[in-house]
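Me: I would like to learn how to read a few features of a protein model, step by step. Could you take me through them with care?

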Amino acid sequence: MNITLDITKAKQFLADGAVEALEPQVKAAQQALEDGTCPGNDFLGWLHLPSSITPEFIKEIQDCANVLRENCEAIVVAGIGGSYLGAKAVIEALSNSFAWLVADKSNPTILFAGNNIGEDYLSELTDYLKDKKFGVINISKSGTTTETALTFRLLKKQCEDQRGKEEAKKVIVAVTDAVKGAARTCADKEGYKTFVIPDNVGGRFSVLTPVGLLPIACAGMDIAQLVAGAQDMEKACGKDVPYAENPAAQYAAVRNALYQSGKKIEIMVNYQPKLHFVSEWWKQLYGESEGKDHKGIFPASCDFTTDLHSMGQWIQDGERSIFETVISVEQPNKKLLFPADEENLDGLNFLAGKRVDEVNKMAELGTQLAHVDGGVPNIRLAMPVLNEYYIGQMIYFFEIACGISGNVLGVNPFNQPGVEAYKKNMFALLEKPGYEKETEEIKKRLG
């Protein structure tokens, strides 16, 4: 069984045959990925990555994860953007929602840093780690990304101070470039275990590389099942699968058709709090891939039913420039029945004996009906259960659909030129060596 896509409540907002009419463009876009003739074709290593992953490679990652798990109470993943969001999405989705509070001695605490420059955040992190046996996974191709490099310098020193330099070497792992960069040089000099970020895989497409697989394995998740799900979805979305049966092709087509009809904002919706960071990963994947040349759907997200009490008003009655993509988990992993109450002061005894998830599902269906009635196209992605296998399917589904969709849109889905603008200004303001001209110009601009 695979995750399934339902676009019927989105197609009803389009002219008859609009999705079908995009078949030549969508098929050409996918063929360009396969042939390597699309813009950004030097970053297509993710396309058949799942089917290239061997049991031996999975074992190497798992063996390294086991060393960290056996020697660490906490493991800090240092990375930003695609170097942490995919791993965090999977770990949050599959972990106990209250992992911080339960006494789970079977798994180390997985922490994420290097994704901001908040002094309070980093100070509080180093305070938390003062009495912990911790390790570090440093994820950076270059080793010079400001947020991650700054954090790793702090953590490396603290780990060495607390554990001694020799012991620290065993619990610091570098996921970096094969041959070049500051992180590679440091890892080789210190003797850290290393894994390679493939040159042809961009950060936001890297969750099925060691960038994501190692932290996920450290958290105790089954990475073999994650990869198996991605492998099966790779087959389900293959270029020879008929257009109407290819979920990635259909998703790419319907969202482009909606965009062409004036729907400029896509809201990723879930009814499971555990999926919050899946939406964060998805936002980076699509925002960084499609937001080019003054084009692209703006990716937003909401957690329902929570945000129905805040953003729900805007979605129901605001500007009709939006559509929703809902991730629905059909079967929860836990079972909790609603109790009866003799006084029934809240008037909810009519729910007594029902599963809490039944209430959630009726909220989902009721919201879909209301939003569609209110003029909001709805796409539904149904996942049978929340586990490694189906999350692996979902990851690859969104990746391949993103590549196709970006090509249909007419942009390079695999670069991110706009990300560099803030860095140039920041380095000039910090008077980084080599930026003297930029520093002088920005000082004049600021007066």
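Me: Is Asp 177 buried or exposed?

Reply: A residue is called buried under 20% relative accessible area, exposed over 50%, and partly exposed in between, with a 1.4 Å probe and protein chains only. Asp 177 has a relative accessible area of 4%, so Asp 177 is buried. Please keep in mind that this is a predicted model, in which local features need pLDDT of at least 70 and side-chain atom pairs count only at pLDDT 80 or more, while totals for chains, interfaces and linings use all residues. Residues are numbered from 1 along each chain as its sequence is written, and side-chain values use heavy atoms, with hydrogens and water left out.

Me: With which residue does Asp 177 form a salt bridge?

Reply: A salt bridge is a side-chain nitrogen of Lys or Arg within 4 Å of a carboxyl oxygen of Asp or Glu. Asp 177 forms one with Lys 180, where the closest N and O atoms are 3.2 Å apart, and the structure holds 25 salt bridges.

Me: Which residues are joined into one network by salt bridges that share partners?

Reply: A good place to begin is the salt bridge between the side chains of Lys 189 and Glu 190, at 3.6 Å from N to O. Lys 189 is exposed at 65% relative accessible area, whereas Glu 190 is buried at 8%. Salt bridges with shared partners join these two residues with Lys 156 and Glu 160 into one network.

Me: How many aromatic pairs are there?

Reply: Rings of Phe, Tyr and Trp (its six-membered ring) pair if their centres lie within 6.5 Å; planes under 30 degrees apart count as stacked, over 60 as edge-to-face and the rest as tilted. By this rule there are 14 aromatic pairs. In one of them, the rings of Tyr 251 and Phe 397 have centres 5.5 Å apart and planes at 35°, so the pair is tilted. This pair links distant parts of the chain, with Tyr 251 in helix H13 (residues 247-260) and Phe 397 in helix H17 (residues 388-409), 146 residues apart; such helices are DSSP runs of H or I with at least four residues, numbered from the N terminus. Both Tyr 251 and Phe 397 are buried.

Me: What is the arrangement of Tyr 271 and Phe 304?

Reply: Tyr 271 and Phe 304 form an edge-to-face pair, with 5.6 Å from centre to centre and 75° between the planes, and both residues are buried.

Conventions: Helices (H or I, at least four residues) and strands (E, at least two) are DSSP runs, numbered from the N terminus.
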